[in-house]
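Reader: I am new to this structure and would like a close look at a single part of it, with the surroundings described as far as they help. Please take me through it slowly.

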Amino acid sequence: MSEPAVEAIDVTRSYELEGGVVVNALSGVSLRIDTGEYAAIIGPSGSGKSTLMHLLGCLDRPTTGALRIAGADVSSLDDTQLAQLRNETVGFVFQSFQLLPRISATANVAMPLVYRGTPRAERIERARAALESVGLGHRLDHRPTQLSGGEQQRVAIARALVSQPTLLLADEPTGNLDTQSGVDVMRLLEQLNTDHGVAVILVTHDHEVAARARRRIRIRDGLIESDDGAHSVADQSVAP
Amino acid sequence: MRFAEAFRVALDALRANRLRSLLTMLGVIIGVAAVVILVAIGSGAKAEVEKQVEGLGSNLILVVPGSLEIGGAPSASRLELTDVELLGRAVGDANAVATTVQSGELVRVGDKEVFTTINGTNETVVNVFDRPIARGRYISAADVDTRRRVAVLGSSSARKLFGDVDPIGRQVTIAGVRFRIIGTFVDVGSTFGVDRNAEIHVPVTSAQRLFGVDRIDALAVKAPTIDSIPAIQKRILDALAEKYPGDKFSAVTQTQILGTIGQILGLLTLVLAAIAAISLLVGGVGVSNIMLVSVRERTREIGLRKALGARQRDILVQFLIEAVLLTSIGGLIGIALGVSASLAASALSPLPAQISWWSPLLAFGVSAGVGIFFGVAPARRAGRLDPVVALRTE
């Protein structure tokens, strides 16, 4: 159970703005999230939670500190290796869905497999299976523009799933959805977490959404302010 | 990412912006079509000239006053009729030397008139040149010696002046002087756009009297074999140098004439192709420009693809294929357009366009190369985009 999916040790991330001003987005974060965990990262905008999510998602490298994802030290990887690690271990769900509007739901879902070199027939088969598992078996050939917001986000979740990641990062997944669709999407994420054992990390500033997670990590000014589940083992039941 | 997938994605992106893709291709289309057409016309003209010069007769050496090189100034002829014998002695065969003095004159039969080239020649012309006689006979040595007023008509002159009537034995008035027709030529082609079927041949002596001149314009010598040509050229020039010290003469073969004309036409084709290539270059810059716009427009897509595991190289290849696809499709359309325009030109106009196998291939290769060359910068920019920044772009 307590295999770390991602482990950050005193991670900082600073940006140099034009004119030489250095901004510290993260100023020393240590965090361990195990496989099968369900955590929410919460904090006001500008707190550094997006930066943290980018780091956890291998989209970025820390300025200092160690970051281990699926056992690999991110700092030692080059861009190509990082892309591969992302492809194999991380699934993303974005607030604005980030689907390509001109291709079908199946093609959108199959996209991560393209960069893994999976043969076309197998890609389509797995993409269909993923869409069926999120309840969109009847929308395989629809384009994103022909789908409702909730459906689009479920396509995005199917896309995150299709590559069978160990870590699923969801950035304000319900931010663009109505209440009912938001609830559906949250249920889906919870189900994935329990059924497939995927570690889910939610980034949100919606307290209702955060309340459903089994662990809440609160960030402020680039530091962890509170972490009610540090040292794992879920002891909280899913809130209704 | 597999190549086939990158190809599909690129094709899809081009289809998404049909009009823009087409307009971008237009530069390449025009450039490639221009290259194909101009090369076709250039090489067609060259082939036509070669065919015509070869039609003059084999192993022929033309002797003219002055220099035949490009840029050489034409000079007045000092050759005279006795030079026919001089060259006859020099080459050892009087029958191998032909002469010509030409002038344009008004020719009349009854109420029909034509203005055409009167060619004063001697009896050896049928031997030296390929000018077979259709009916009657050619000018004889006796005709030349006694300045007989006899004429041999080219096929088109005969038709214009006499229609379907057999002209042999009839009278024709050349510049006010009556000549008797003794023969007609077999139909031949034209040389450098001049219709040789319109020519009328008369004895050189009669022509000199008619034109009021003592000179002759040129001499032609037939060498027995190709190998003997250089020696004969030297003997001709030596004999003329001895007789006319200080004057310059040229004794050139068809190969040399061909070489000179080929040089001129080759240069011309090159210049035309270079001008066309400039438009291809401009087309390439257009492709580069549109690719930059496309990269900017699709920044979020690039960010997403990278987040999902696309490597820098995957993105670069995708955009590079898109650029190459643009120019290659443009190139193919350009070739189709160029080839059909060339075929139409040679069918509907006197331009002898000839499609060489290499020019469409070259044009296609160059246009694909242009795509790579001008696509690399935008594609690299796309590949290097930071996914975090790209995803945040609105």
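Author: What follows is a description of helix α5 of chain A and of the parts that surround it, beginning with the chain as a whole.

The model is predicted, and the picture below should be read with that in mind. Chain A contains 7 helices and 10 strands. Its radius of gyration is 18 Å, close to the 18 Å that the globule rule gives for 240 residues, so chain A is as compact as a globular protein of that length. Taken along the principal axes, the box filled by the C-alpha atoms of chain A is roughly 50 × 40 × 40 Å.

Helix α5 of chain A covers residues 149-162, and one of its partners is helix α3 of chain A, residues 105-114. The axes of these two helices lie 8 Å apart, and the helices pack at an angle of about 30°. Since angles under 35 degrees count as roughly parallel, α3(A) is therefore roughly parallel to α5(A). The crossing in which α3(A) passes α5(A) is right-handed. On the side of α3(A), the residues that take part are A:Ala105, A:Asn108, A:Val109, A:Ala110, A:Met111, A:Pro112 and A:Leu113, and they meet A:Val155, A:Ala158, A:Arg159 and A:Val162 in α5(A). Sorted by class, the residues of this contact comprise 9 nonpolar, 1 polar and 1 charged.

Another partner is helix α4 of chain A, residues 120-133, whose axis comes within 9 Å of that of α5(A) and crosses it at roughly 130°. That angle makes α4(A) oblique to α5(A). Here too the crossing is right-handed, as α4(A) passes α5(A). From α4(A) the contact draws on A:Arg126, A:Ala127, A:Ala130, A:Leu131 and A:Ser133, while α5(A) brings A:Val155, A:Ala158, A:Leu161 and A:Val162. By class, the contact of α4(A) with α5(A) has 7 nonpolar, 1 polar and 1 charged residues. A:Val155, A:Ala158 and A:Val162 of α5(A) thus appear in the contact with α3(A) and again in the contact with α4(A).

The helix also has a sheet beside it, and that sheet deserves a description of its own. In chain A, 6 strands form an open sheet with mixed pairing, in the order β6-β7-β8-β3-β9-β10. Its edge strands are β6 (90-93) and β10 of chain A, each of which pairs on one side only. On average, and with direction ignored, neighbouring strands of this sheet are turned by 20° against each other. α5(A) packs on the sheet and touches β6 and β7 (167-171) of chain A, and the direction of α5(A) makes about 175° with that of β6(A).

At the other end of the strand order, β10(A) is an edge strand. Strand β9 (residues 215-220) and strand β10 (residues 223-227) of chain A run antiparallel and are joined by 4 bridges. Within this pair, A:Arg218 stands opposite A:Ser226 in β10(A). The hairpin of β9(A) and β10(A) has 2 residues between the strands, and A:Asp221 in this hairpin takes a positive phi near 50°.

Finally, chain A has a neighbour, for 19 residues of chain A are in contact with 17 residues of chain B. On the side of chain B that touches chain A, α1 (3-16), α10 (299-307), α11 (312-348) and α13 (387-392) of chain B each supply at least two residues. Helix α10(B) gives the most to that side, with 4 residues. By class, the side of chain B that touches chain A has 8 nonpolar, 2 polar and 7 charged residues.

How values were computed: Residues are numbered from 1 along each chain as its sequence is written. Chains are lettered from A and ligands numbered from 1 in the order in which they are written. This is a predicted model: local features need pLDDT of at least 70, side-chain atom pairs count only at pLDDT 80 or more; totals for chains, interfaces and linings use all residues. Axes are lines fitted to C-alpha atoms, for helices over the stretch in contact, and angles run from 0 to 180 degrees between N-to-C directions. Angles under 35 degrees count as roughly parallel, over 145 as roughly antiparallel, 65 to 115 as roughly perpendicular and the rest as oblique. A crossing is left-handed if the near helix is turned anticlockwise from the far one by less than a right angle, and right-handed if clockwise. Two residues are in contact if their C-beta atoms, placed from the backbone, lie within 7 Å. Ala, Val, Leu, Ile, Met, Phe, Trp, Tyr, Cys and Pro count as nonpolar, Asp, Glu, Lys and Arg as charged, and the others, Gly among them, as polar. Two strands pair if DSSP finds at least two bridges between them. The radius of gyration is taken over C-alpha atoms; the globule rule is 2.2 Å times the number of residues to the power 0.38.
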